[in-house]
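Thank you all for coming. I would like to walk you slowly through one model today, so please keep the picture in view while I talk.

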Amino acid sequence: FTNCHQQLLQERKKDSNLYFKTDTHWSQTGAYVGYKELMKELQRSFPDIIPVTDTMFYKQPFTMYSGDIQGLFGVKAVMKSSSDSLKFYDTCEVTYKKIPKIVQYKTPCALNKTSILFVRDSFMESMKPCVNQTFETSTYYWDTSVPYKVVKEVAPQIIVHELLERFMYTLLELPEDIQNDSTFMKKHGRL
């Protein structure tokens, strides 16, 4: 379990562009704070993982027009919010394929010859540039639960379930394929 709340508060003292002013999502600068915390946690189980460092990229100004906060308050006007995007100095051709709900990136020059699966929500979008530079195969499945068939199909070496706090209640809900597995349900006292 990784919660980067304290690190974001500390970083906020140095850089105010961690979140967009018109959106609830973090910017790539804010996502980098989360990425560093995630890498620390992964290195506890996978000590050989080499993470991206801040010497590997530069920040480029980025302007976002509108955002989800405006929609929450019914604001129709276009508002802009500025932050930075992360641009890597050394990159190679990253290829990707899309399958419904799944996007998989292949980065031959990644820092690690490892595959990772993220079961994720929209906050993962801003973290993708760092993750894709870290892992040779990065697969993103957009959902709140981890379907066995996706894990079996992708066969990753690492699985991360990224979930925003406001969606934590979904962890109490079992995926339908597990609910329909009477052997599993009996074994774990759910029937």
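Trp142 has a relative accessibility of 42%, and because exposed would require over 50% and buried under 20%, this residue counts as partly exposed. You will find Trp142 in strand 6, which covers residues 135-142, and please bear in mind that we are looking at a predicted model. If we set aside the neighbours within four places in sequence, Trp142 is in contact with Lys101, Arg120, Asp121, Ser122 and Glu125. Thr114, by comparison, is 28 residues away along the chain, and its C-alpha atom is separated from that of Trp142 by 20 Å.

Let us turn to the sheet. It is an open sheet of five strands in the order 3-4-6-5-7, and the pairing is mixed. Strand 3 (95-99) and strand 7 (158-161) stand at the edges, and because each has a single partner strand, one side of each is left without a neighbour in the sheet. On average, and ignoring direction, neighbouring strands here are turned by 15° against each other. Strand 3 runs antiparallel to strand 4, residues 102-106, and five bridges join the two; within this pair, Ile99 stands opposite Ile102 in strand 4. Helix 2, residues 28-45, lies across strand 5 (112-120), strand 6 and strand 7, and its direction makes an angle of about 135° with strand 7.

Finally, where is Phe73 found? Phe73 sits in the loop between helix 3 (68-72) and strand 2 (80-88), and at 68% relative accessibility it counts as exposed. Together with Leu72, Val75 and Met79, Phe73 forms a nonpolar patch on the surface, with about 440 Å² of accessible area together.

Definitions and conventions: Residues are numbered from 1 along each chain as its sequence is written. This is a predicted model: local features need pLDDT of at least 70, side-chain atom pairs count only at pLDDT 80 or more; totals for chains, interfaces and linings use all residues. Side-chain values use heavy atoms; hydrogens and water are left out. Helices (H or I, at least four residues) and strands (E, at least two) are DSSP runs, numbered from the N terminus. Buried means under 20% relative accessible area, exposed over 50%, partly exposed in between (1.4 Å probe, protein chains only). Contact means heavy atoms within 4.5 Å. Patches are made of residues with over 30% relative accessible area and no salt bridge: like charges are joined within 9 Å, nonpolar side chains (Val, Leu, Ile, Met, Phe, Trp, Tyr) within 5 Å. Accessible areas come from the Shrake-Rupley method with a 1.4 Å probe; for residues, only the protein chains shown count as cover. A salt bridge is a side-chain nitrogen of Lys or Arg within 4 Å of a carboxyl oxygen of Asp or Glu. Two strands pair if DSSP finds at least two bridges between them. Axes are lines fitted to C-alpha atoms, for helices over the stretch in contact, and angles run from 0 to 180 degrees between N-to-C directions.
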